[in-house]
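Work through the exercises below with the sequence and the model open side by side. Try each task before reading its solution.

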Amino acid sequence: SDRKPHLSQGSCTVVMLSLSKKAVWVMTSLQAVLTVFFNSYIFLMSLLNHRQQKKWSPSETIIVALSLADMVHQIICYFWMTMDQVDVNCRLAQMAYAVMLVLVFSSKFTIMWDTGFLTFYYSTKLVNAPNRCYTHVQGAILKHVTLAVILIPLCGLGTCVPMLVVFHSQNYTGKNRDCGVLFPDTASGRGYEVLYLLLSDVLPGLLMMKCCISISVHLAVHLRNMKASTNGAHAPKLGSQMRVIQMALCLVAIFIIFLVVDLYVNYEIVVNHENAIVLTFFFTSVYTTVAATVLIYGKKTLWKALIREVNVFLDGYPCLSRLKVPEQKTKPSSPAKVKT
């Protein structure tokens, strides 16, 4: 079919970037290295901690599941982009490409919900809800954390498999064509795309926003009470609790930025028929890299170990000694600690 896309002025940037697929592929490769490195570090350090302590806290269980989902997403998505660059004549079966895309979207679903679940966990630890029924629901969910992190990817896979039926593996985007791209061009396909975005992006986003508001209110009330109790004699301190709050709020902030960009790119794909799927992969890669860095910062033991390893590495190169990060000594601490 010779149908060509209608190019709106607002989609010029998307078109230009999607036409430079090789540039996006190269940039994604750099993000892939960072994503795999940071998430592998989280995973291996968590395994080491488990071997020493013989147990995982609920937050560690969620973080390990999230790091695995990040790596799976990155590896499959980059393999698909690489094959798209190598197999220019689309000799590989279209179904193989389509299945890879389903796995990519499924792992993205898992990443979003694992991040939302992690934020929910921290909000339950930081905020005391007065509603007893709500507290019981929270307790029931957190009691089965392992089951939850297993069900999330299964739900993601179940949500994404219908793409093979309602989407087709041919697109009408002129010269800028990808092999086996899943493209919605029917009413049912567009309806499903909206449903997928609601389930994979919007709903976990709303959960995170709710948790973010709860944590922010808790922080404001707590600081006010602490300031009142000290009569303003010195600035209130939250100890390790503040680190957790900063991590949770940062996760929500970067998720919101990613959500806005992702929804816009998907709008261009569905409404204006722009073949910008490689951009969704690139932006998700950036998100997983930044989120992993925030998680490492939030877990003080991981952060200190990473800084120590970086400094040891830089010691071997005197010319890079100025890049060394100062290591903070452990201070005697105090106020309410939250297990991260």
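The exercises that follow concern a predicted model and go from the overall fold to single residues.

**Exercise 1. The fold**

Task: State how many helices and strands the protein has, and in what pattern they follow one another.

Solution.
- Step 1. The protein contains 11 helices and zero strands.
- Step 2. Along the sequence, the pattern reads α-α-α-α-α-α-α-α-α-α-α.
- Step 3. Of the 340 residues in the protein, 46% are buried.
- Step 4. Take the contacts between residues at least 6 apart in sequence: 79% of these join residues at least 24 apart.

**Exercise 2. A helix pair**

Task: Describe how helix α4 and helix α10 pack, and say which residues make the contact.

Solution.
- Step 1. Two numbers are needed, because a pair of packed helices is described by the angle between their axes and the distance between the axes.
- Step 2. For α4 (residues 94-126) and α10 (residues 277-298), the angle is about 35° and the axes are 12 Å apart.
- Step 3. The crossing of these two helices is left-handed.
- Step 4. On the α4 side, the contact is made by Leu101, Val104, Phe105, Ile111, Met112, Thr115 and Leu118. On the α10 side, Ile277, Phe281, Tyr287, Thr288 and Leu295 take part.
- Step 5. Sorted by class, the contact has 10 nonpolar residues, two polar ones and no charged ones.

**Exercise 3. Salt bridges around lysine 108**

Task: Find which residues form salt bridges with lysine 108, and where in the chain they lie.

Solution.
- Step 1. The cut-off for a salt bridge is a side-chain nitrogen of Lys or Arg within 4 Å of a carboxyl oxygen of Asp or Glu. By this rule there are two salt bridges.
- Step 2. One joins aspartate 201 to lysine 108, with 3.5 Å between the closest N and O atoms. This pair links distant parts of the chain, aspartate 201 in helix α8 (residues 187-229) and lysine 108 in helix α4, 93 residues apart.
- Step 3. Another joins aspartate 262 to lysine 108, with the closest N and O atoms 2.5 Å apart. Here aspartate 262 belongs to helix α9 (residues 240-270), and the partners are 154 residues apart.
- Step 4. Aspartate 201 and lysine 108 are buried, and aspartate 262 is buried as well.
- Step 5. Lys108, Asp201 and Asp262 are therefore linked in a network of salt bridges, given the rule in Step 1.

**Exercise 4. Cysteines**

Task: Explain why cysteine 211 is not in a disulfide, and say whether it is buried or exposed.

Solution.
- Step 1. A disulfide is a covalent bond between the sulfur atoms of two cysteines. The cut-off is a sulfur pair within 2.5 Å.
- Step 2. The closest cysteine sulfur to that of cysteine 211 is in cysteine 212, at 8.7 Å, so the two are too far apart for a bond.
- Step 3. A search of the whole structure likewise finds zero disulfides.
- Step 4. Cysteine 211 has a relative accessible area of 0% and is therefore buried. Cysteine 155, at 43%, counts as partly exposed.

**Exercise 5. Phenylalanine 282**

Task: Place phenylalanine 282 in the fold and name the residues it contacts beyond its sequence neighbours.

Solution.
- Step 1. Phenylalanine 282 lies in helix α10.
- Step 2. Its relative accessibility is 15%, so it counts as buried.
- Step 3. With neighbours within four places in sequence left aside, phenylalanine 282 is in contact with Val24, Met27, Thr28 and Gln31.
- Step 4. Between the C-alpha atoms of phenylalanine 282 and cysteine 77 there are 9.2 Å, although the two residues are 205 residues apart along the chain.

Terms used: Residues numbered from 1 in each chain as written. Predicted model: local features only at pLDDT ≥ 70, side-chain atom pairs only at ≥ 80, totals over all residues. Heavy atoms only, no water. Axes fitted to C-alpha atoms, helices over the stretch in contact; angles between N-to-C directions. Helix = DSSP H or I, 4+ residues; strand = E, 2+ residues; numbered from the N terminus. Left-handed = near helix turned anticlockwise from the far one by under 90°. Contact = heavy atoms within 4.5 Å. Nonpolar A, V, L, I, M, F, W, Y, C, P; charged D, E, K, R; others polar. Buried < 20%, exposed > 50% of the residue type's maximum accessible area, 1.4 Å probe, protein only.
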